[in-house]
Structures are given as C-alpha cells and as structure tokens.
Amino acid sequence: MKLQPTVAQLLSVIAPCRNEREHIVAFCSNVAAMQLPEGWQIEVLIADGASDDGTRELLGDFCAKDARFRWIDNPLRIVSPGLNRCIEQSRGEIIVRLDIHSEYASDYFVQCVNTLARTGADNVGGAWHAQGRTLMQKAVAAAFQSPWVAGGALSRNLEYEGEVDTVYLGCWPRATFEKVGGFDEQLVRNQDDEHNLRLKKNGCRIWQSKTIRSTYFPRGKLSQVFKQYSQYGYWKPFVMKKHGQAAALRHLVPAAFVIALMIALVLAFTVSAWPLGLLVAAYACLLALALSGMRAQLEPGMATRVVGVIAAYHFGYGWGSLCGWRDVLLGRGPQPQWGALTR
C-alpha cells in the first residue's frame with residue numbers, strides 16, 4: 001500500500017458509504033462538530049461506492065462548504081477497497097475509521113489519541129454499543145448487546161478496558177498500515193476481523209477503551225438482519241482459511257445448531273420426533289434466558305420482535321457459515337451472491 005507523506009498532528013478520518021442519503025449529512029455534521037486534541041487538525045475522507053440515491057450530491061455539497069471534507073470514488077462499492085482508497089490518500093499521522101450509521105461522543109477523537117498515547121497500542125477503539133430509534137431497531141439493539149447473541153464477545157462489553165483480539169471500527173498510528181498493509185479487498189464482510197488478526201500475528205497490540213464512546217444504529221428490518229448475519233457467517237471461513245486460524249467456539253455454535261435442526265427434521269419424518277422436540281425445547285429455554293436478561297430494556301411489543309431478531313442472528317450466521325465452509329472445502333472462491341450489500 002503506497003501512502004502519502006505524513007503530516008504531523010493531522011488526524012485522518014476515513015469512512016465508506018453507499019446510498020446513505022438519509023444519514024450522510026447528519027454524519028458529516030456530527031464529525032464536523034467534534035472536539036480535537038489540542039494543536040491537532042482534521043481531514044475527513046469519505047469513499048462513496050457509486051451511490052445512486054442522491055448521497056453523492058449531498059456529500060459533494062457538504063465538502064464544498066467544509067474544506068476539511070473530501071469524497072473519494074469507490075467504484076468497487078464494498079467497504080474494504082473504500083477504506084484502502086481513503087488510507088492511500090490520507091496524510092495524517094493517526095487514522096480513525098468511522099461508520100455512517102453511528103453517532104460519536106464529542107470527545108471521541110480526543111479519547112482515541114489519548115488512548116494511543118497512554119497504551120502504545122497499534123489499534124484502539126471503543127465498545128460496539130447499539131441503540132434503536134424505531135421499535136424494531138430497539139429490538140435489534142437489545143439482542144445485539146445480549147451475551148446470548150454475542151457469545152461473550154468483549155466488543156459488546158461497554159465497561160471493558162484492556163487488550164483484545166479485535167475492536168469496533170479502529171484508530172491506528174499510520175505506521176500500523178505501513179507494517180501490515182491495508183484491508184483485504186476480497187472480503188465483503190469480516191475485513192476488520194481479518195485485519196486485526198493480521199495485526200496480532202505480527203506482534204501488534206489492540207486495545208479497547210471504555211472512554212471511546214459511540215452509538216451504532218442497526219438495521220431496522222428482520223430480513224436485513226438475517227442477510228447481514230448470513231454474510232458474516234459466510235465470510236468467516238475464508239478468513240480462517242487464509243490465516244490457518246482455528247474457529248472460536250462462538251463461531252461454530254450457530255452452524256452446529258442448524259445442522260442439528262436439519263438432522264432432527266429428517267428424523268422427525270422418518271424415525272421419531274423426539275430429537276426435534278428436545279432441540280426446540282432447548283432453544284426455547286435459551287430464548288427465555290435471553291429475554292430474562294434484557295427485561296429492563298423491553299418496551300411493550302418488543303419481546304416478540306426480539307425473539308425474531310435472535311433467531312435471525314443464529315439461523316442467518318449458521319446458514320451462512322455452512323455455505324462458506326462448503327465453498328472452502330470444495331476449493332471454490334467466494335460466490336457472487338454473497339457479495340451483495342445488505343443496507
């Protein structure tokens with residue numbers, strides 16, 4: 001990756017987008033108003049993935065009004081090449097990645113720079129905190145934060161401070177990219193996990209700080225959640241194959257559940273319905289435990305939606321994983337239908 005000469009005390013903010021007409025102006029306004037560390041300046045590079053809904057025009061208007069903002073063309077449309085084009089054209093000694101569908105604390109940049117300075121880490125970030133506006137979004141957010149869905153991932157623990165294997169979004173000294181390169185442009189999903197895995201394999205440190213605060217607004221339709229997690233599941237085996245990485249238990253459980261369910265369905269029609277009944281009963285207990293753990297967050301009408309969201313997470317990730325492992329074991333590359341964007 002060829003990088004521009006570094007400008008001292010310049011913070012480069014990078015973000016990919018595609019068809020974000022409803023969110024792009026609010027995002028840019030949020031970033032423009034954020035505090036900066038004393039003596040620092042900012043540049044904001046936004047890679048537009050061939051938007052056709054008016055996003056590009058709105059983004060162009062904002063950039064014309066605020067010289068700190070620039071938009072970059074991303075004809076490949078997906079996240080990883082968009083991030084790489086931004087990194088290549090950035091000039092700051094620190095690079096911060098943001099997401100269009102999140103809101104950031106006013107001191108987000110200050111805390112990122114401070115955390116890099118006090119930890120000496122190669123990548124820092126905060127916890128992945130989800131919040132909803134509509135009732136369905138609130139259900140998605142409640143499930144998102146549940147350990148029964150996240151599998152104990154530290155990235156969902158808002159109070160955790162310490163070293164991690166991967167972190168939400170990210171903030172890097174420029175030297176990190178000079179050492180390990182940019183994001184894998186073959187990956188539609190999991191490109192951040194793969195990049196952090198590359199960091200760890202090269203002896204780098206990743207730090208999650210509870211002082212780096214943002215709020216993510218998830219998808220608001222059940223079908224979008226299912227497609228999103230199907231893609232996460234599908235692309236994970238390709239990351240594991242690339243690095244010879246063993247799968248964590250939480251990555252295997254959804255696929256094992258889907259396999260068990262398919263076997264139980266076959267047995268129900270050929271031998272006995274008992275295995276299916278036991279499996280359904282066990283899953284119902286899991287859902288009850290998950291709902292019990294989030295009861296303080298549940299508004300009227302949310303419980304049924306949360307059950308649907310959790311099922312979409314589990315079945316989506318499980319089905320996607322099975323399809324991904326199938327293509328890996330058959331020696332095939334990623335299939336085109338798994339590359340479509342889900343927003």
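This report describes side-chain pairings, burial and a surface patch in a predicted model.

Residues are numbered from 1 along each chain as its sequence is written, and side-chain values use heavy atoms, with hydrogens and water left out. Since the model is predicted, local features need pLDDT of at least 70 and side-chain atom pairs count only at pLDDT 80 or more, whereas totals for chains, interfaces and linings use all residues.

## Salt bridges

The structure contains 19 salt bridges, a salt bridge being a side-chain nitrogen of Lys or Arg within 4 Å of a carboxyl oxygen of Asp or Glu. Three of the pairs are set out below.

| Acidic residue | Basic residue | N to O distance |
|---|---|---|
| Aspartate 73 | Arginine 56 | 2.8 Å |
| Glutamate 88 | Arginine 85 | 2.9 Å |
| Aspartate 327 | Arginine 332 | 2.5 Å |

The bridge between aspartate 73 and arginine 56 links distant parts of the chain, with aspartate 73 in strand β3 (residues 69-73) and arginine 56 in helix α2 (residues 55-65), 17 residues apart. Here and below, helices (H or I, at least four residues) and strands (E, at least two) are DSSP runs, numbered from the N terminus. Arginine 85 and glutamate 88, by contrast, both lie in helix α3 (residues 79-89), 3 residues apart, or about one turn of the helix.

Burial is stated by relative accessible area, where buried means under 20%, exposed over 50% and partly exposed in between (1.4 Å probe, protein chains only). Aspartate 73 is partly exposed at 39%, and its partner arginine 56 is partly exposed at 23%. Arginine 85 is partly exposed at 23%, and glutamate 88 is likewise partly exposed, with a value of 23%. In the third pair, aspartate 327 is buried, with a relative accessible area of 0%, while arginine 332 is partly exposed at 36%. Elsewhere, Asp184, Glu194, Arg198 and Lys242 are linked in a network of salt bridges.

## Aromatic pairs and charges over rings

There are 20 aromatic pairs in the structure; rings of Phe, Tyr and Trp (its six-membered ring) pair if their centres lie within 6.5 Å, and planes under 30 degrees apart count as stacked, over 60 as edge-to-face and the rest as tilted. The rings of phenylalanine 27 and tyrosine 104 have their centres 6.5 Å apart and their planes at 75°, so this pair is edge-to-face. The pair links distant parts of the chain, with phenylalanine 27 in helix α1 (residues 24-32) and tyrosine 104 in strand β5 (residues 102-104), 77 residues apart. Both phenylalanine 27 and tyrosine 104 are buried. A further edge-to-face pair is made by tyrosine 234 and tryptophan 235, at 5.6 Å centre to centre and 85° between the planes; tyrosine 234 is buried at 0% relative accessibility, and tryptophan 235 is buried at 3%. Phe27 and Tyr104 also belong to one aromatic cluster with Tyr108 and Phe109.

A charge sits over a ring if NZ of Lys or CZ of Arg is within 6 Å of the ring centre and within 35 degrees of the ring normal. The charged end of arginine 133 sits over the ring of phenylalanine 217, 3.7 Å from its centre, and that of arginine 189 sits over the ring of tyrosine 232, 5.3 Å from its centre.

## Around residues 190 and 191

Asparagine 190 lies in the loop between α7 (174-180) and α8, and its phi is near 65°, a positive value in a residue other than glycine. Asparagine 190 is buried, at 5% relative accessibility. Glutamine 191 is in helix α8 (residues 191-201) and is also buried, with a relative accessible area of 6%. Leaving aside neighbours within four places in sequence, glutamine 191 is in contact (heavy atoms within 4.5 Å) with Val79, Ser80, Arg97, Phe183 and Asp184.

Asparagine 19 has a positive phi too, near 50°; asparagine 19 is in the loop between β1 (7-17) and α1 and is partly exposed, with a relative accessible area of 27%.

## The nonpolar surface patch

Phe226, Ile259, Met262, Ile263 and Trp319 make a nonpolar surface patch of about 450 Å². Patches are made of residues with over 30% relative accessible area and no salt bridge, like charges being joined within 9 Å and nonpolar side chains (Val, Leu, Ile, Met, Phe, Trp, Tyr) within 5 Å; accessible areas come from the Shrake-Rupley method with a 1.4 Å probe, and for residues only the protein chains shown count as cover. Helix α10 (residues 249-270) supplies the largest share of the patch, 3 residues. Isoleucine 259 is in helix α10 and is partly exposed, with a relative accessible area of 37%. Phenylalanine 226 is in helix α9 (residues 222-243) and is partly exposed at 33%. Apart from neighbours within four places in sequence, phenylalanine 226 is in contact with Ala312, Phe315 and Gly316.
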